[in-house]
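User: Could you take me through one part of this model closely, the place where two of its helices pack together? A little context on the whole chain would be welcome too.

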Amino acid sequence: MQYIFVAVGCSGCGKSTFGDLLKEKLHDKLEIVCYDDIRKEALGNINDQSNFSKVKYIADNMTADALADGKSVYMSSTNLTPKFLTEYSKYGVEIVPIAFM
């Protein structure tokens, strides 16, 4: 069964660290989609919030590709609004929110 794990929490609370630990356990069955990493690669700066639509487009494609390959996805982003949680339902897999405090 495939899942989209959605990390929910403020910056610096351990979302990426937990994703790395989960990846160690699930190996090639999990793809980490990290908005920070996408911003760094696509925009040249992890803090560049100027082109969210481009970052989201890349994240959506990474998610769709991973699911098509039979993997689950760990969304490593802040995801503090309910909109983000409902957004992922379009993929037709179980959404698992993980709250960090």
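Analyst: Happy to; here is the helix packing, followed by two residues and the chain as a whole. Please keep in mind that this is a predicted model, in which local features need pLDDT of at least 70 and side-chain atom pairs count only at pLDDT 80 or more, while totals for chains, interfaces and linings use all residues. Residues are numbered from 1 along each chain as its sequence is written, and side-chain values use heavy atoms, with hydrogens and water left out.

The helices in question are α2 (residues 35–43) and α3 (residues 52–68), which pack at an angle of about 115° with their axes 10 Å apart. Here axes are lines fitted to C-alpha atoms, for helices over the stretch in contact, and angles run from 0 to 180 degrees between N-to-C directions. Helices (H or I, at least four residues) and strands (E, at least two) are DSSP runs, numbered from the N terminus. On the α2 side, the contact (heavy atoms within 4.5 Å) is made by Tyr35, Ile38, Arg39, Ala42 and Leu43. Helix α3 contributes Phe52, Lys54, Val55, Lys56, Ile58, Ala59 and Met62. By class, this contact has nine nonpolar, no polar and three charged residues; Ala, Val, Leu, Ile, Met, Phe, Trp, Tyr, Cys and Pro count as nonpolar, Asp, Glu, Lys and Arg as charged, and the others, Gly among them, as polar.

Asp60 also lies in helix α3. At 16% relative accessibility, Asp60 counts as buried, the classes being buried under 20% relative accessible area, exposed over 50% and partly exposed in between (1.4 Å probe, protein chains only). Leaving aside residues up to four places away in sequence, Asp60 touches Glu87, Lys90 and Tyr91.

For another view, turn to Phe18 in helix α1 (residues 15–26). Phe18 counts as partly exposed, with 32% relative accessibility. Its contacts, again not counting residues up to four places away in sequence, are Tyr74, Ile98 and Phe100. The C-alpha atoms of Phe18 and Ala99 are separated by 11 Å, although these residues are 81 apart along the chain.

Now the wider setting. The protein chain has four helices and four strands, and from the N terminus on its elements run β-α-β-α-α-β-α-β. Among contacts between residues at least 6 apart in sequence, 75% join residues at least 24 apart. Of the 101 residues, 34% count as buried. The C-alpha trace spans about 35 × 30 × 25 Å along its principal axes.
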